[in-house]
Each structure stands twice: as C-alpha cells, then as structure tokens.
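Here is a short briefing on one protein chain. Topics follow in turn, from annotated spans to single residues.

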Amino acid sequence: MSALAALLAGLAVFWLVPPAGARDLRRLTAAPLPGPRRPRRRSPCPAVAPAALTPVVGAALLGGRPAAVVVLCLALVALTVAAVARTHRAASRAGETSVEVARACSVLAAELRIGKVAGEALVDAADDCPLLARAAAVHRSGGDVVPVLRELAAAPGGSGLAAVADAWQVSVRTGAPLTRALDRVSAALAADRAVHRLVDAELSAPRATGRMLAVLPLVGLLLGYAVGGDPVAFLLGGWQGQGCLLAGVVLACAGVLWSERLAR
C-alpha cells in the first residue's frame, strides 16, 4: 500500500515538474513565427493533475489498493468527460464567432454601399455588431484600426477579419473600395459554416458510436451479474482484476479522446 502511494506521488511530481532538457527544448522552440499570433490552446491536464492524483494517494493510504484503483478510474473518466466538453464548448464558441464575423462583414459592406466612408461605416456598423465595437472605438480616438482587426482575427473563429484588415489597409493606402472584398469575405465565411454544419451532421453518428462503445463495458458487468457471476468482486478482489479494471478504463477513455481527435 505504501509502495503504491509512493509510486503515485512520484508520478505526480514527474507530471508537474518536467525534466530540464524538456524545459530547455521548449525555450528553444518557443520563438513565434512571423505572421498573426494565434492563441495557444492549453490542455487542462497539467492544471488538474494534482487535483486528480491527490484523492488517489489519499485513497491508497486510507483504503488500500482497491480504493486507489477505483478513485483513479473515476478521475480518468472525469478528466475525459471534462476534456470532451471543453473541446465542444470551444468549437461552439468559434462557430458563433465565425457567424458574427460574417454578419459584421455584411453589415459593414451595406454601410459602404450607401455611400459612407470606411471610418463612418465602421462606427455605424458597430452599433449592430458588437464584434466591431473595439475597432470603432479605436477609430473614434484617431488610432489605427488594422492592428485591432488583426488581433480579433487571431481569436478562434475570427480568421475572416484578417482579410478585412488587409483590405482595410490597402483601402487606406490606395483608396481602393472595400465593398467587394467584404462581400467576398462574408460569402466565403457563410460557405465555410455550411461545410462545417454538413461535416458535423455526418460525424454525429460516428461520435455517438464511439461514446456508446465507451460505456459498453458497463453492460458487460450487468450481463455478468445476469448469468450469476460477480464481476465487481473479481475486478476489486486481486491485482489481476484491478489491473483489468484500470486497463479497461484507460483504453475506453483513450478511445473516446482518439475518436474526438479524428472527428476534429
């Protein structure tokens, strides 16, 4: 029991404190490439690893190896569910931002089409499109709108604003009209959203199948009881069963995460 607790504590330290070579390699490869910056997608695993491993160590000290295995399995399931939910929320927010960008381009093009200059059209369009409010505020104060648009374009789902920033910069320097460029960006974003909706509809069945396969072992436990067995007693009674339980949960969680990765 104490050996298992020491092993788990060592794993926690290894997870949280990477080797010096890994830190040096990250510093060497941390220089950003030229172009607009993209927000880094941070995995929630390092942040929640201590919270997940602490109950495991406590269960090992208080309830022995079976309790530690059960708590570890529950922690793995909880982390998997949280990771999938976080990914879906991020995808949903990116989709909403993309729709708002397309709408903002359409409204801004309509304002330009009725004869307004670019700055005036931006200020009026911001009243209907909150996404443009920050750029409109910068324009009112006499600042440059292009860096603001590029910063907004770096957010998930806002990539269409990069083309708007380029067109705005060319228009300011040369006097070229913005209307045609904005119409093209709006049409391209609408077509992109249509493709995403089609892909999501086609992938709904494989995703549902993957999740069903992940919970299928629970049906196996019920069938074991139905035929007169005691699968839980086997899974928690010895190291062989505990190893099978842990391996099964790890493989099920890995299958769900891999299915979601393939879908993305």
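In its unreviewed entry, UniProt lists residues 67-85, 208-227 and 239-258 under "transmembrane region". The model shown here is predicted. Its protein chain has ten helices and zero strands.

**Annotated spans**
- Residues 67-85 are 100% helix and 0% strand. The end C-alpha atoms of this span lie 27 Å apart.
- Residues 208-227 are 95% helix and 0% strand. Here the end C-alpha atoms are 28 Å apart.
- UniProt also lists residues 239-258 for this feature.

**Whole chain**
- From the N terminus on, the elements run α-α-α-α-α-α-α-α-α-α.
- The chain has 264 residues, and buried residues make up 29% of them.
- The exposed area is about 16400 Å². Carbon and sulfur atoms supply 67% of that area.
- Take the contacts between residues at least 6 apart in sequence: 57% of them join residues at least 24 apart.

**Helix 8**
- Helix 8 covers residues 179-226, which is 48 residues. At 1.5 Å a residue it should span 70 Å, and its end C-alpha atoms are 69 Å apart, so the two values agree.
- Where does helix 8 bend? The bend is at Leu-203, by about 35 degrees. A proline, Pro-206, follows within four residues.
- The buried residues of helix 8 include Thr-179, Leu-182, Val-185, Ser-186, Leu-189 and Arg-193. Also among them are Arg-207, Gly-210 and Gly-224.
- An α-helix has 3.6 residues a turn, so residues three or four places apart point the same way.
- Gly-228 follows helix 8 and has a positive phi, near 95 degrees.

**Helix 7**
- Helix 7 runs over residues 160-174, 15 residues in total. The expected span is 21 Å at 1.5 Å a residue; the end C-alpha atoms are 22 Å apart, which agrees.
- Its buried residues are Gly-160, Leu-161, Val-164, Ala-165, Ala-167, Trp-168 and Ser-171.
- Gly-175 follows helix 7, and its phi is positive, near 80 degrees.

**Ser-98 and its contacts**
- Ser-98 sits in helix 3, residues 45-113.
- Is Ser-98 buried or exposed? Its relative accessible area is 7%, under the 20% cut-off, so Ser-98 is buried.
- Leaving out residues up to four places away in sequence, Ser-98 touches Gly-157, Leu-189 and Arg-193. Leu-189 and Arg-193 are among the buried residues of helix 8.

**Ala-153 and its contacts**
- Ala-153 lies in helix 6, residues 145-153.
- With a relative accessible area of 11%, Ala-153 is buried.
- Which residues does Ala-153 touch, not counting residues up to four places away in sequence? They are Gly-158, Ser-159, Leu-161 and Ala-162. Leu-161 is one of the buried residues of helix 7.
- Val-164 is eleven residues from Ala-153 in sequence. Their C-alpha atoms are 9.1 Å apart in space. Val-164 is also among the buried residues of helix 7.

**Cysteines**
- How many disulfides does the structure hold? It holds zero.
- Cys-105 is in no disulfide, and the nearest cysteine sulfur, that of Cys-129, is 9.0 Å away. A disulfide needs two cysteine sulfur atoms within 2.5 Å, so this pair does not qualify.
- Cys-105 has 2% relative accessibility and therefore counts as buried.
- Cys-244 is partly exposed, with a relative accessible area of 45%.

Methods
Residues numbered from 1 in each chain as written. Predicted model: local features only at pLDDT ≥ 70, side-chain atom pairs only at ≥ 80, totals over all residues. Heavy atoms only, no water. Buried < 20%, exposed > 50% of the residue type's maximum accessible area, 1.4 Å probe, protein only. Helix = DSSP H or I, 4+ residues; strand = E, 2+ residues; numbered from the N terminus. Contact = heavy atoms within 4.5 Å. UniProt positions renumbered as here; feature names shortened; annotations may be inferred. Expected span 1.5 Å × (residues − 1). Bend = angle between axes of the 7 residues up to and from the residue. Areas by Shrake-Rupley, 256 points an atom, 1.4 Å probe, with all protein chains shown as cover.
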